[in-house]
Each structure stands twice: as C-alpha cells, then as structure tokens.
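Biologist: I would like a close look at one part of this model, with enough of the surroundings to place it. Please give the cut-off for each term once.

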Amino acid sequence: MLVRLEVENFRSVADPVTLSMVAIDRDREAAREQQPLGEHLLTVAGVYGPNASGKSNVLAALGWLQGAVRDSLRSWEDEIPVEPFAFGTWATRPSRFVVEATVDGVRVDYELEVTRDRVLYEALFEYPERRRRKVFERDGDELTIARGLGALTGARGLLTPRTLALSAMRRFDDGRVGAFASRVLRMQTFGVNGRRLGTGRLGAWADAWASPTAKLFGDEAAQPTLFDGPDVDSPLVAPRDRALALLRLADLGIEDVTFVDEPVVAADGSTRIRRRPQLVHRAGDSRVSFELRAESEGTRTWFGLIGPVLSALDRGSLVVVDELDASLHPALSVELLRLFRDRSTNPRNAQLVFTSHDAALLNHLNRDEVWLTEKSDDGSTHLGALSDFAGERVRRSQNLESAYLHGRFGALPDVDRAGLLQALGLIG
C-alpha cells in the first residue's frame with residue numbers, strides 16, 4: 001500500500017509537498033491496519049482545490065515516476081524528461097520524489113533526485129522488523145548494493161548518467177527490488193501524463209476493443225478468479241459477471257456486452273480482426289445494441305474505469321484518477337469509493353487516489369481522506385491535509401461540504417466578480 005508521496009520541484013510544485021495515506025480515525029473499515037508500520041492506512045484519498053492550483057500535478061508525480069521506472073533504461077538517452085518548477089532558480093535545481101509503501105508486509109522507502117542531465121541520487125531501503133536496511137544506494141556514479149544481492153551487480157553495466165538503477169535492476173532476479181518495481185508499474189493512472197478515458201476531461205476514447213474492460217467480456221473471462229485465494233472468504237464470481245454488474249450501475253437498461261468483428265488492413269497489406277464492443281440495451285421486450293461511441297459520456301467513462309478498478313481490487317494495487325467527477329454521475333463516484341472502502345470488495349487493500357471539484361462527494365469522505373491545494377503568491381502549489389487545516393484540528397463530525405463551500409478551508413477559486421464585469425464592459 002502507498003504510505004506517503006513526497007514531491008519537490010516538479011511542475012507547479014516547488015517546495016516539498018507530502019500526501020500521506022496514514023489514517024487519523026482508525027476505527028472504520030477504510031482504515032486498514034499495517035503491522036510493519038504500527039499504523040492504519042487509507043484505501044481512499046481525494047485532492048480538492050481550484051483550477052490551476054496544482055492538484056493534478058501532485059498526482060502526475062506518481063505517473064511520472066511510473067514512466068521513469070518503465071522507460072529510463074530504454075529511452076532516456078539524451079535527456080531526463082523531468083519538468084521542474086519554471087519560476088525563479090528552480091529550473092536549475094534538482095527534482096525529488098519519495099515513495100514510502102508497504103510491499104509484502106514490509107515497509108520500503110524509495111528516493112530519487114534528478115536533473116534533466118543526470119540522476120543525482122537514488123536509493124531503496126526496507127524495514128524488516130522496523131529496522132532500516134539498505135537494498136541499494138546510488139550517489140552520482142557510485143552504486144552500492146547490499147550484501148547477499150550479488151545477482152544485482154550486473155545492473156552496474158547497464159547504468160548511464162540518465163538510467164535509473166531501479167530500471168536496470170528489473171532485468172535481474174531479485175524479489176525485493178522486483179516486488180517494489182512491480183508495485184510501481186502496476187499503478188493505473190488516468191487523466192495524468194496523457195493517459196485518458198471517455199471523451200471529456202478524461203480524453204478521447206480510443207482502441208476500446210483492446211481496453212482492460214472490453215477484455216473482461218471476452219470468452220477468456222468466463223471462469224471465476226476474484227478473491228479465490230485461501231486467505232479470502234468470498235464467493236467466486238466470474239470477472240464477466242462482476243464487470244457487467246458494475247456497468248449496469250451506469251445504465252440499468254444495459255443487459256449485456258457483445259462484440260462486432262471488424263477487419264483492419266495494416267500498412268504491410270495484412271489483415272487483422274479487431275473487436276469493437278457494443279452495449280446491449282433492453283427496452284420492454286426489445287433488445288438493441290449500440291456502439292460504445294454512441295453511449296453517454298458518463299457511461300463511456302465508467303466503462304473505461306471498470307477494467308482497471310477490478311484489476312486493482314484483484315491485485316491490491318493503486319488507481320490514480322484526475323478529475324474523477326468530470327464525466328461521472330455523483331452516484332457512480334460514491335459507488336467507486338464504496339468499492340475501495342468495503343472489505344468484501346477490497347480484501348487486498350487496493351487504493352484509490354483522485355482529484356475532484358465535486359463538493360457533494362465530501363459528504364462521503366472522512367476528514368483524513370481529504371487534501372487541499374492552493375496556489376501560493378509565487379505560483380507554486382501548496383498541499384495540506386484537511387484533517388489539520390491551518391494547525392486547527394477539524395472535527396470528525398464536521399459537515400465537510402458546507403464548510404468547504406463556505407471557504408472554511410480555503411482551496412476555492414478567488415472570483416473577482418467586479419473585475420470580471422468591468423472587463424466585459426458591463427460596469428464602469
């Protein structure tokens with residue numbers, strides 16, 4: 001599980017900001033006990049704030065880090081594609097990312113510090129029995145690896161000034177490094193770093209026939225696989241049935257998903273078949289199939305989320321969604337929160353981190369599940385926990401929606417109505 005994300009000098013983030021998943025109110029289902037930490041961790045967290053305050057950039061740091069682990073070895077030849085804060089002297093200073101997580105019951109810390117030219121520092125530490133132990137540490141060109149990890153020494157031959165050691169070590173057989181890298185790569189990020197869903201804020205729908213959701217309705221998804229481990233007490237449910245049940249939440253008239261086979265001629269003249277999903281609707285005694293593109297924006301967005309969400313619940317991984325409320329009906333957003341909070345649907349501690357403008361959703365979030373962003377005078381992003389707003393403890397019983405909309409916590413657009421009317425020539 002994600003414990004903490006710290007980001008410094010990335011996009012609109014200048015000074016370090018920290019997003020923590022540590023629960024304050026432990027006596028509820030969404031707070032999952034983690035023995036290695038002596039803490040309870042949250043399965044849900046939402047980031048709120050006005051437009052251009054940087055809430056999306058906080059989440060984008062996770063997407064950037066995932067891309068770094070995946071791509072640095074094969075494509076970072078000329079430059080590290082990091083985006084430092086553009087103002088002042090920040091452009092010449094390093095960017096820093098810290099991820100603290102639990103992996104297979106052990107706390108791990110990963111730290112990365114880079115410029116556009118090179119990796120300055122990188123390290124992975126683990127805490128078995130709460131004692132810090134180095135897995136590897138890189139300071140400039142010097143890489144040290146813990147004793148007993150001889151299989152990783154071959155990674156030295158793959159390093160360049162712009163290659164992450166973690167990327168190189170993925171090529172070698174080591175369970176500790178591999179487990180953490182797999183956790184990072186299994187994150188699913190939507191609406192950040194260019195990956196989109198739907199047709200609105202979450203982007204233009206493309207290649208829907210190959211999407212994770214469409215695959216759940218294929219023949220290979222007929223067998224039950226969910227929560228079938230010996231440590232989970234849950235009935236077996238076929239992936240197709242689970243996906244269809246969730247899809248019906250968006251439109252109770254949907255009965256099934258079918259496919260149309262479409263021949264596609266490749267550049268070399270060969271022909272392949274791609275499968276386009278159609279949603280089957282029932283109206284009285286009639287059944288009509290519609291192309292996915294003919295569905296409402298909310299239905300398309302929900303369709304796109306179903307596959308990644310069910311995959312995350314199966315694996316216990318992290319889902320990151322920017323502007324969750326952009327295309328979804330509020331009832332679907334609430335249902336998504338329930339899926340991650342409920343132990344019966346989330347027995348493996350999957351997590352959902354999102355941004356939103358939907359104040360009504362605050363009625364379904366606990367005080368420690370809400371984070372707020374504001375733009376500082378220098379244009380940089382400030383991130384703070386609502387549970388400890390301005391140093392004053394927020395009551396657990398506080399009506400968060402009402403308090404937020406009344407400016408109790410800040411993080412609202414500063415609308416200069418008089419200035420707007422004057423600019424429009426409506427007042428002198």
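How much area does the protein chain expose, and what share of it do carbon and sulfur atoms supply? After that, please turn to helix H5: which of its residues are buried, and what covers them? Please end with the sheet that includes strand E16.

Modeller: The model is predicted, so local features are given only at pLDDT of at least 70 and side-chain atom pairs only at 80 or more, while totals for chains, interfaces and linings use all residues. Residues are numbered from 1 along each chain as its sequence is written, and side-chain values use heavy atoms, without hydrogens or water.

The protein chain exposes about 19,800 Å², of which carbon and sulfur atoms supply 47%; accessible areas come from the Shrake-Rupley method with a 1.4 Å probe, and for residues only the protein chains shown count as cover. Of the 428 residues, 51% are buried, meaning under 20% relative accessible area, against over 50% for exposed and in between for partly exposed (1.4 Å probe, protein chains only). The chain has nine helices and 18 strands; these are DSSP runs numbered from the N terminus, helices being H or I with at least four residues and strands E with at least two.

Helix H5 covers residues 239-250 and spans 18 Å from first C-alpha to last, close to the expected 16 Å, a figure obtained as 1.5 Å times one less than the number of residues. Its buried residues include Pro-239, Arg-242, Ala-243, Leu-244, Leu-246 and Leu-247. Their cover includes helices H4 (212-216), H6 (297-315) and H7 (330-341), along with strands E12 (254-265) and E13 (271-283).

The axes of H5 and H6 come within 10 Å and cross at roughly 145 degrees; axes are lines fitted to C-alpha atoms, for helices over the stretch in contact, and angles run from 0 to 180 degrees between N-to-C directions. On the H5 side the contact involves residues including Arg-242, Leu-246 and Ala-250, and on the H6 side Trp-302, Phe-303 and Ile-306 are among them. Contact here means heavy atoms within 4.5 Å.

Of the covering strands, E12 and E13 pair antiparallel over eleven bridges, where pairing requires that DSSP finds at least two bridges between two strands. Pro-263 has Ile-273 in E13 as its bridge partner. The two strands form a hairpin with five residues between them, and Gly-269 in the turn has a positive phi of about 90 degrees. E13 also pairs antiparallel with strand E14 (residues 286-291), over six bridges. That second hairpin has two residues between its strands, with Gly-284 in the turn at a positive phi of about 65 degrees.

The sheet you asked about is open and mixed, with six strands in the order E11-E15-E16-E5-E17-E18. Its edge strands are E11 (188-190) and E18 (381-385), and the twist averages 15 degrees from one strand to the next. E5 (residues 44-48) and E16 (residues 351-356) run parallel and are joined by five bridges; Val-44 has Leu-352 as its partner in E16. Helix H1 (residues 55-75) packs on this sheet, its direction making about 140 degrees with that of E16.

Ser-356 lies in E16 and is buried, at 0% relative accessible area. Its C-alpha is 6.9 Å from that of Gly-46, 310 residues away along the chain. Beyond neighbours within four places in sequence, Ser-356 is in contact with Val-47, Tyr-48, Gly-49, Lys-55, Asp-325 and Leu-361.
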